[in-house]
Amino acid sequence: MKKDFLESRFMGRFRPLFVSWFITDKCNMHCLKCGRGRGGLGHAEAPVIDRVIEEAAANKVWRINLTGGEPLLHPALGDIIERLNHAGVRVSVSSNGLLVPEKLDALAGAAGISLSLDGGSETHDAARGPGSFESVLAALAALREYGIPAKITSVISRHTGENDIEDVVKTAAEYGAPVSFQPLLAVQLGTSDPNPDAPDPQVFRALINHVIELKEKFPRAILNSVKGLRHLMRWPDDAPITCGAGRFFCQIDPAGNLFACGSSQGTEAPCGNILQTGLMAPFEQKRKSCTECSQCWCGERVEANLMFGLDPHALINYFRTRHGYD
Ligand SMILES: C[S@@+](CC[C@H](N)C(=O)[O-])C[C@H]1O[C@@H](n2cnc3c(N)ncnc32)[C@H](O)[C@@H]1O
Ligand code: SF4
Ligand code: SF4
């Protein structure tokens, strides 16, 4: 993996080391901010599943993150994880947490689960529905008991206050599930529809400043590096960054459509379809075109890109915050 990464970084031998695959766009929540969980594409079906597993094995993919929609709704989730593991691919899963306690056996082969937590109980429930905060705590407790590493993704919206940031960091520290913060985008995910819940940029910057202060006290509970947080502070202005999309990661949708980056899904044409082109289309396209975007705001993608750019602060932070998930 180290050799593949270095070859991609220095010799232009771009390879799919990390793949984000949204295996369904069906969802059991209806968060206003998100255009993903609307169900138009449905669940990934057998021909796409078989081809993704085959291609992942052939291209020595290092890790696939199963996401959605809500991936725990996919009836073949356990089977997909088991087959990917058998093909030598590590698997992680991103979930809203609702179904985690009843799907632990299906999740047993996952290297880690990322749960969404968007604030303290009031703010999280307002964003995601009554009772959803308690479901995340129940999911974190169940994962801890079952021995599956967990982490948290937290989006900062117009409704987030300093108390929410503190509550999320304390939950992260208490459950040993470090958190990655990111802004709620001005568009609903996977669409160009405006998002009225996006934060005010000045308020967002003050909140990220507070995360930087908390990072001193809880260095391992916050996954973002200080460098990454400073990058996020530039949201929503243009902020160029070294880009790993189509160089060492890419995205697949339930129909097998390929995108260099998750942020282009739903707004740009796919680079190909895995059933026709195999997995390499985004990597071949990136080799031909060097166009970059300057709107990189997903907390984890920012860290991955800083590391791809060999940023020493991000690399040190990565090794300090590693906790069995990666
Ligand atoms: C699309 S969800 C899929 C996994 C799962 N259903 C969940 O909610 O965690 C993945 C992540 O995208 C985040 N997200 C959704 N809409 C967003 C937006 N408009 N801006 C930024 N993040 C968003 C969610 O909060 C979640 O952390
Ligand atoms: S953020 Fe996750 S839980 Fe909410 S609607 Fe989107 S996919 Fe579903
Ligand atoms: S959001 Fe833009 S800069 Fe970030 S990984 Fe995707 S394409 Fe690259």
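**View 1. Strand β5 and its two neighbours in the sheet.** Ser 114 sits across from Lys 151 of β5, in a model that is predicted. Ser 114's strand is a good place to start: β4 (residues 112-116) and β5 are joined by four bridges and run parallel. On to β6 (residues 179-183), which is parallel to β5 and tied to β5 by five bridges; here Thr 153 has Ser 180 as its bridge partner. Strands count as paired when DSSP finds at least two bridges between them, and the element names follow DSSP runs numbered from the N terminus, with helices being H or I of at least four residues and strands E of at least two. Strand β5 (residues 150-156) has six of its seven residues buried, so the rest of the structure largely encloses it. "Buried" here means 20 or more other C-beta atoms within 10 Å of the residue's own, "exposed" means 12 or fewer, and "partly exposed" is in between, with C-beta atoms placed from the backbone. Helix α7 (residues 162-175) links up with β5 and β6 in a right-handed β-α-β unit; right-handed means that, with the strands pointing away from the viewer, the path from the first strand over the helix to the second runs clockwise.

A word on the bookkeeping: residues are numbered from 1 along each chain as its sequence is written, while chains are lettered from A and ligands numbered from 1 in the order in which they are written. As this is a predicted model, local features need pLDDT of at least 70 and side-chain atom pairs count only at pLDDT 80 or more, whereas totals for chains, interfaces and linings use all residues.

**View 2. The whole sheet, edge to edge.** Nine strands form an open sheet with mixed pairing, in the order β6-β5-β4-β3-β2-β1-β7-β8-β9. β6 and β9 (272-273) are at the edges with a single partner strand each, so each has one side without a neighbour in the sheet. For an antiparallel pair, look at β7 and β8 (residues 257-259), joined by two bridges; Gln 251 has Phe 259 as its bridge partner in β8.

**View 3. The surroundings of ligand 1.** Ligand 1 has 18 residues around it, the closest being Cys 34, Ser 116, Thr 153, Leu 185 and Leu 189. To be near a molecule, a residue needs its C-beta atom, placed from the backbone, within 6 Å of it. β3 (90-95) and β5 each put at least two residues into this shell. Sorted by class, the shell holds five nonpolar, 10 polar and three charged residues. The classes are: Ala, Val, Leu, Ile, Met, Phe, Trp, Tyr, Cys and Pro nonpolar; Asp, Glu, Lys and Arg charged; the others, Gly among them, polar.

**View 4. The surroundings of ligand 3.** Among the residues around ligand 3 are Cys 243, Cys 261, Cys 293 and Cys 296, along with Glu 292 and Arg 301. This shell splits into six nonpolar, three polar and two charged residues.

**View 5. Trp 235 and a cis peptide bond.** Trp 235 belongs to the loop between α9 (226-232) and β7 (249-252), and so does Pro 236. The peptide bond from Trp 235 to Pro 236 is cis, with omega near 0°. Despite its loop setting, Trp 235 is buried, with 22 C-beta neighbours inside 10 Å. Leaving out residues up to four places away in sequence, Trp 235 touches Pro 183, Pro 201, Phe 204 and Trp 297, where a contact needs C-beta atoms, placed from the backbone, within 7 Å.

**View 6. Helix α12 and what follows.** Nine of the 10 residues of α12 (residues 299-308) are buried, leaving the helix mostly covered. The cover over its buried residues includes α1 (2-11), β6, α9, β7 and α13 (312-321). Leu 310, in the loop between α12 and α13, has a positive phi near 55°. Leu 310 counts as exposed, with 11 C-beta neighbours inside 10 Å.

**View 7. Thr 67 beside Ser 94.** Thr 67 is part of strand β2 (residues 63-67). Thr 67 and Ser 94 are 27 residues apart along the chain, yet their C-alpha atoms are separated by 5.0 Å. Thr 67 is buried, with 21 other C-beta atoms within 10 Å.

Key. Contact = placed C-beta atoms within 7 Å.
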